[in-house]
Amino acid sequence: MSDLLWQKPGVAVDAEIQRFLAGDDVVLDREFFLHDIQASAAHAEGLQRSGILSGDELAGLKRELAVLAEDFRRGDFVLDERFEDGHSAIEARLTERLGDAGRKIHTGRSRNDQILVATRLWLKEKLARVAVLSREIAKVALDRAQAERDLPIPGYTHIQRAVVSSAGMWWAGWAEAFIDNTTRARDTLRLVDTNPLGTAAGYGVNLKLDREHTTAALGFARMQVSPIYAQLSRGKFELAALEALGAATLDLRRIAWDLSLFTSAEFGFVSLPAQYTTGSSIMPNKRNPDVIELMRATHASVSASRSEIEQLLSLPSGYHRDLQASKGAIFHGFGRGLPALELLPALLANLGWREEKLRAAIDSGMYATDVAVEAAVTGVPFREAYKAAAASADSAGLGRTPEGSLAARVSPGAAADLRLDELLARWDAL
C-alpha cells in the first residue's frame, strides 16, 4: 500500500487495524472509480480557475486522468490492495506520472468529498436506468392490456377464487404501477441531482473554489450549497434512491408471485419461454421457474440495503466514518435490483396464457358478486342482495358467461372501461 496521506511522523500503522479500516473499500471503489476520475477532472478545472494549477498542469492532469480511465476499462490498471481506496489510487498514479502536479489534485478536498460526489454521480445513472426500465415495463403491460383486454381470467382475493377478471385488468394494473414507478425514480433523480463537490469534510475550505463551474462540468442540475447539508444528505439521498428502486422491485416481487402461482401445475394458467426455466438436478420430470423465483427474492436485498443505511443514520451532524458503509449498501441493493428489472420487460412480453385452463377455473360462485350488484341496482338493499347471492352461489353462473360478466363491469378502470387511453396518455407524458 502507498503511504497514507494522513499518516503522522513516528506513528506506526498497525496492519491489522488498517485492514479493518480499509474494509472492502478497494473492492467497492472499483464500482465508483470512473466517477471519481470524472469528478477529479472537474475538480482540477476548478483548481486551475482558482489559481492553484497552471494551464499546463491542468492539461497534464486531465490527460493522465483520461489515460487512467481507459487503462481501468481495459483492465491494464487494477484497483487492488496496493491502495487504501480509489482516491488514493488516483493520486498515486498522477503523482507517479506528473510529480508535484499530481500531488496537487487533492488540494481543497477530503476523501469523503471524493466518494460523496462519485457515489452521487453513480446514483444519478442508476436512478435514470430505473426510470427507463419502469417506463419500458409499463409499455409492455399497456400493449398486452390492449391486445388481451377481453381474455377472461379468474380474479383472486385472499388467494381464493373471487370474481371473473380479465387479462386486460391484470396488465393494466402493472402498467399503472410502473408508470408511477417511473415518476418516482425521476422525482428521486431530481432530488439527488445536486453537486457536493467542493464541500470537503463538511465545512468548506479556505479557497475560493469555483463550485459553479464544477456543477456545470459534471452535469448536475444545481449546487448543494451548504457543506453541512452535504453531509446530512449522505445516507438520506442513498436511502431515497433505494426506496425508488424498491418501489419497482416490490411490484416485481408481486408479479413474480402471481407467475409463481400461475405457472404451477395446480393453476397452469401461464407458460414461460423455456429460457426462463431450469431443469431439476434430481427430479427429471419437471422444469423449475428459477428466474421468477430469484426475481421474487430480489426485493429482499433492496430492502436489506435500505435498512442498513437507515441504521447508519443514527448519528449527530457532521462527517463520520460510519457513513462509508453506505457504499456497500447501495452497491448491493442496486446490484441485485437492476439486473432483475432488466429481465422483466422480455419476460412479460413473452409469457403465454393457457386459455383453456383460465376458463376451466372460472366457477359458478365467481358470478355471485354480479348477482348481488344487479339486485341492488333494482332497489334491493345490498345487505339483502348479498345474502341472497351467497345462498345461491352454486347456481349464480347459470346462463352467464365470462364475457358477459366483463362487459357489465362498467365502473371506471374495470374490465368494460379500462381507460387504457388515459394510461397511455400518462405514459406518453413521462
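**Figure 1. Ser280 in the loop between β6 and β7.** In this predicted model, Ser280 has its place in the loop that lies between β6 (278-279) and β7 (287-288). Ser280 is partly exposed, as its relative accessible area is 21%; the cut-off for buried is under 20%. For a sense of scale, take Ala393 as a second landmark: Ser280 and Ala393 are 113 residues apart in sequence, and their C-alpha atoms are 41 Å apart in space.

**Figure 2. The hairpin of β1 and β2.** Here we turn to two strands, β1 (152-157) and β2 (160-166). The strands β1 and β2 run antiparallel and are joined by 6 bridges. To find your way along the ladder, start from Ile153, which stands opposite Ser165 in β2. Another rung to look for is Gly155, whose bridge partner in β2 is Val163. As a general reminder, side chains in a regular strand alternate between the two faces of the sheet.

**Figure 3. The turn of the hairpin, with His158 and Ile159.** The hairpin of β1 and β2 has 2 residues between the strands. His158 lies in this loop between β1 and β2, and Ile159 lies in the loop between β1 and β2 as well. Now for the backbone: His158 is not a glycine, yet its phi is positive, at about 55 degrees. Ile159, a residue other than glycine, also has a positive phi, near 60 degrees. Are these side chains buried or exposed? His158 is exposed, with a relative accessible area of 72%, and Ile159 is exposed too, at 60%.

**Figure 4. Trp170 meets Trp353.** How many aromatic pairs does the model hold? The count comes to 17 aromatic pairs. One of them is formed by Trp170 and Trp353, with 5.4 Å from centre to centre and 80 degrees between the planes, an edge-to-face arrangement. The two partners come from distant parts of the chain: Trp170 belongs to helix α7 (residues 167-192) and Trp353 to strand β8 (residues 352-353), 183 residues apart. Both Trp170 and Trp353 are buried. For Trp353, the relative accessible area is 15%, and since buried means under 20%, Trp353 falls in that class.

**Figure 5. Phe262 against Trp353.** Keep Trp353 in view and look for a second partner, Phe262. The ring centres of Phe262 and Trp353 are 6.5 Å apart and the planes meet at 50 degrees, so this pair is tilted. Phe262 lies in helix α10 (residues 236-262) and Trp353 in strand β8, so the pair ties together parts that are 91 residues apart in sequence. Phe262 counts as buried, at 6% relative accessibility.

**Figure 6. An aromatic cluster.** Which residues form one aromatic cluster together with Trp170 and Trp353? Tyr156, Trp171, Trp174, Phe262, Phe267 and Phe269 join them in one cluster. Trp174 deserves a moment of its own. This residue, Trp174, is found in helix α7, and at 12% relative accessibility Trp174 counts as buried. Ala145 makes a handy reference point for Trp174: the two are 29 residues apart in sequence and 9.5 Å apart in space, C-alpha to C-alpha.

**Figure 7. The largest pocket.** This view shows the largest pocket, which has a volume of about 620 Å³. The pocket is lined by 24 residues, and those closest to its centre are Tyr156, Trp170, Trp174, Asp258 and Phe262. Some of these names will be familiar from the cluster, which includes Tyr156, Trp170, Trp174 and Phe262. Which elements give two or more residues to the lining of the largest pocket? They are β1, β2, α7 and α10. Of these, α10 gives the most to the lining, with 7 residues. By residue class, the lining divides into 15 nonpolar, 5 polar and 4 charged residues.

**Figure 8. Two charges over tryptophan rings.** We finish with two places where a charged end sits over a ring. The first place to look is Lys139, whose charged end sits over the ring of Trp427, 5.5 Å from the ring centre. The other is Arg296, whose charged end sits over the ring of Trp257, 4.4 Å from the ring centre.

Technical notes: Residues are numbered from 1 along each chain as its sequence is written. This is a predicted model: local features need pLDDT of at least 70, side-chain atom pairs count only at pLDDT 80 or more; totals for chains, interfaces and linings use all residues. Side-chain values use heavy atoms; hydrogens and water are left out. Rings of Phe, Tyr and Trp (its six-membered ring) pair if their centres lie within 6.5 Å; planes under 30 degrees apart count as stacked, over 60 as edge-to-face and the rest as tilted. Helices (H or I, at least four residues) and strands (E, at least two) are DSSP runs, numbered from the N terminus. Buried means under 20% relative accessible area, exposed over 50%, partly exposed in between (1.4 Å probe, protein chains only). A charge sits over a ring if NZ of Lys or CZ of Arg is within 6 Å of the ring centre and within 35 degrees of the ring normal. On a 1 Å grid over the protein atoms alone, a cavity is a set of points where a 1.4 Å probe fits but cannot get out, and a pocket is an open set with protein on both sides within 12 Å along at least five of seven lines; lining residues have an atom within 4 Å of a point. Grid points are joined across faces, edges and corners, and a volume is the space filled by probe spheres set on the points. Ala, Val, Leu, Ile, Met, Phe, Trp, Tyr, Cys and Pro count as nonpolar, Asp, Glu, Lys and Arg as charged, and the others, Gly among them, as polar. Two strands pair if DSSP finds at least two bridges between them.
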